[in-house]
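The exercises below ask the reader to work through side-chain contacts, cysteines and cavities step by step. Each task is followed by its solution.

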Amino acid sequence: MTAIPLQPPRRLVEFTLDGAATRVPEGATLLDACRAAGKDVPTLCEGDTLTPKNACRVCVVEVEGARTLAPACSRAAEPGMSVHTDTERTRHSRRLVLELLASSVDLSTTPRAAAWIEEYEAEPGRFGADAARLNEEPKVDNDLYVRDYDKCILCYKCVDACGEQWQNTFAIAVAGRGFDARIAVEHDAPLTDSACVYCGNCIEVCPTGALSSKSEFDMRAAGTWDESAQSETTTVCAYCGVGCNLTLHVQDNEIVKVTSPHDNPVTHGNLCIKGRFGYQHVQNRD
């Protein structure tokens with residue numbers, strides 16, 4: 001058994017969080033501190049395998065002495081700071097962000113979005129029927145995954161996962177500017193004509209379901225997708241000797257999706273095309 005090397009000790013930072021003295025390791029973010037304290041601060045663009053982009057602005061908190069609200073996902077805890085997570089100012093900001101998102105984007109497959117809208121009393125409908133929406137049909141141009149940009153909130157997580165933070169394929173980028181900004185491959189070409197290697201790591205980090213496996217998309221369209229009826233089994237990928245961990249999502253004795261544990265030291269949630277999509281042979285009944 002390989003010994004795990006000892007890490008140097010990390011200093012503790014002490015500050016005040018909602019009136020209570022809080023201590024977290026140096027380098028921890030305010031969102032880390034909130035989670036450690038059991039505080040439910042909403043976030044969409046933050047992910048445990050990527051560097052935060054501060055794109056969604058749902059996780060903002062109030063720091064005494066600061067002119068603006070701070071994104072908890074990227075603001076590091078500092079000694080002596082006083083942070084408030086549930087003031088009228090933070091609730092108003094979160095409410096407005098949720099209203100803007102829900103009025104322009106389909107959040108129906110975004111986990112907890114409906115609960116947050118209710119909690120913060122957001123009213124997306126107040127912008128009226130003329131609120132700008134993409135109204136674009138899902139792009140189904142391959143057999144592995146679907147791009148439904150009506151659900152995209154431009155969080156850039158797929159861009160980072162495909163780019164320098166993980167895959168280094170750089171098949172995905174942001175095209176356009178302002179209201180015309182959108183996620184696209186080079187020259188807005190079909191996915192099959194791009195540099196995409198179909199690893200599906202963009203699906204893994206997508207927070208809204210704008211990117212989903214073809215199997216999940218088809219089952220949702222048919223009304224048969226039921227996460228409550230699915231079991232999860234973690235195993236080791238058999239395609240090569242790297243040792244990637246796979247989590248098999250099984251419904252009605254069929255594998256419907258494959259993911260990878262984010263805390264696995266080999267994969268950190270990432271897989272290749274074989275690991276994520278090469279499971280059909282397991283349930284081939286021919």
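**Exercise 1.** In this predicted model, is glutamate 227 buried, partly exposed or exposed?

*Solution.* The relative accessible area of glutamate 227 is 49%. Since partly exposed covers the range between 20% and 50%, glutamate 227 is partly exposed.

**Exercise 2.** Work out which salt bridges arginine 220 forms with glutamate 227 and with glutamate 216, and which network they belong to.

*Solution.* Begin with glutamate 227, whose salt bridge with arginine 220 has its closest N and O atoms 3.7 Å apart, a value that falls within the 4 Å cut-off. Next, the side chain of arginine 220 also meets that of glutamate 216 in a salt bridge, at 3.0 Å from N to O. These two residues are 4 residues apart in helix H6, so about one helical turn separates them. As for accessibility, arginine 220 is partly exposed at 35%, whereas glutamate 216, at 10%, counts as buried. Finally, salt bridges that share partners join Glu216, Arg220, Glu227 and Lys257 into one network.

**Exercise 3.** Determine where in the chain the partners of the salt bridge between aspartate 40 and arginine 112 lie.

*Solution.* The closest N and O atoms of aspartate 40 and arginine 112 are 2.4 Å apart. This pair links distant parts of the chain, for aspartate 40 sits in the loop between helix H1 and strand E3, while arginine 112 sits in the loop between H2 and helix H3, 72 residues apart. Aspartate 40 is partly exposed at 40% relative accessibility, and arginine 112 is partly exposed at 45%. In the whole structure, the search finds 17 salt bridges.

**Exercise 4.** Explain why cysteine 56 and cysteine 45 are not joined by a bond, and give the count of disulfides.

*Solution.* A disulfide is a covalent bond between the sulfur atoms of two cysteines. The cysteine sulfur closest to that of cysteine 56 belongs to cysteine 45 and lies 3.7 Å away, which is too far for a bond because the cut-off is 2.5 Å. For cysteine 206, the closest cysteine sulfur is that of cysteine 155, at 6.3 Å, again too far for a bond. Both cysteine 56, at 8% relative accessibility, and cysteine 206, at 19%, are buried. The count comes to 0 disulfides.

**Exercise 5.** Find which residues are closest to the centre of the largest cavity.

*Solution.* The structure holds 4 cavities of 30 Å³ or more, and the largest cavity has a volume of about 110 Å³. It is lined by 14 residues, of which Cys152, Cys158, Cys206, Ala210 and Leu211 are the closest to its centre.

Notes:
Residues are numbered from 1 along each chain as its sequence is written. This is a predicted model: local features need pLDDT of at least 70, side-chain atom pairs count only at pLDDT 80 or more; totals for chains, interfaces and linings use all residues. Side-chain values use heavy atoms; hydrogens and water are left out. Buried means under 20% relative accessible area, exposed over 50%, partly exposed in between (1.4 Å probe, protein chains only). On a 1 Å grid over the protein atoms alone, a cavity is a set of points where a 1.4 Å probe fits but cannot get out, and a pocket is an open set with protein on both sides within 12 Å along at least five of seven lines; lining residues have an atom within 4 Å of a point. Grid points are joined across faces, edges and corners, and a volume is the space filled by probe spheres set on the points.
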